[in-house]
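Reader: I am new to reading protein models. Could you walk me through one, feature by feature?

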Amino acid sequence: LFHPESIAHLLVCPGQEESMQLFHHKAVVWSVEVVENGCEAALLTGCEDGCAYLWDLEGSDKGQIFAELRSLKSMELLMPPLVIGITALQMLAFAF
């Protein structure tokens, strides 16, 4: 779980690890961060497919995703300015 040179290995005794919750992802997880959301703890995970998930770690809804984000694909970035440009050209063509 932890590299021997990190200080985190002092928190877990070898052979005494215990899984308290499993979080299933559709892609490989690249980054994990525990954050505090108000007064509750949450787990933020970033995946290789550009998605980020925020998991609830406390309360009756423990283990549920309560936020999901993803990166924009290239077509989603290019289409809005392209549509605006085509619309402007059409308006110019009809105006003159």
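Author: Gladly! From the N terminus on, the elements run β-β-β-β-α, which comes to one helix and four strands. Helices (H or I, at least four residues) and strands (E, at least two) are DSSP runs, numbered from the N terminus. This is a predicted model, where local features need pLDDT of at least 70, side-chain atom pairs count only at pLDDT 80 or more, and totals for chains, interfaces and linings use all residues. Residues are numbered from 1 along each chain as its sequence is written, and side-chain values use heavy atoms, leaving out hydrogens and water.

Reader: How do I read burial, and which residues form the largest nonpolar core?

Author: In soluble globular proteins, nonpolar side chains tend to be buried together. Buried means under 20% relative accessible area, exposed over 50%, and partly exposed in between (1.4 Å probe, protein chains only). A nonpolar core is a set of buried Ala, Val, Leu, Ile, Met, Phe, Trp, Tyr and Cys residues joined through side-chain atoms within 4.5 Å. Here the largest one has six residues: Ala27, Leu43, Cys47, Cys51, Tyr53 and Trp55. Strand 2 (40-47) and strand 3 (51-56) each supply at least two of them, and the largest share, three residues, comes from strand 3. In the chain of 96 residues, 14% are buried.

Reader: How should I read charges, and which residue forms a salt bridge with Arg70?

Author: Side chains of opposite charge can pair when their charged atoms come close. A salt bridge is a side-chain nitrogen of Lys or Arg within 4 Å of a carboxyl oxygen of Asp or Glu. The structure holds one: Arg70 pairs with Glu76, their closest N and O atoms being 2.9 Å apart. Arg70 counts as partly exposed because its relative accessibility is 47%, and Glu76 is partly exposed as well, at 33%.

Reader: What about Asp56: which side chain of opposite charge is nearest, and how far away?

Author: Asp56, found in strand 3, is buried yet has no salt bridge; Lys62 is the nearest such side chain, 9.5 Å away. For charge, Lys and Arg count as positive and Asp and Glu as negative, while His and the chain ends are not counted. Contact means heavy atoms within 4.5 Å. Not counting residues up to four places away in sequence, Asp56 touches seven listed neighbours, including Glu40, Ala41 and Phe66.
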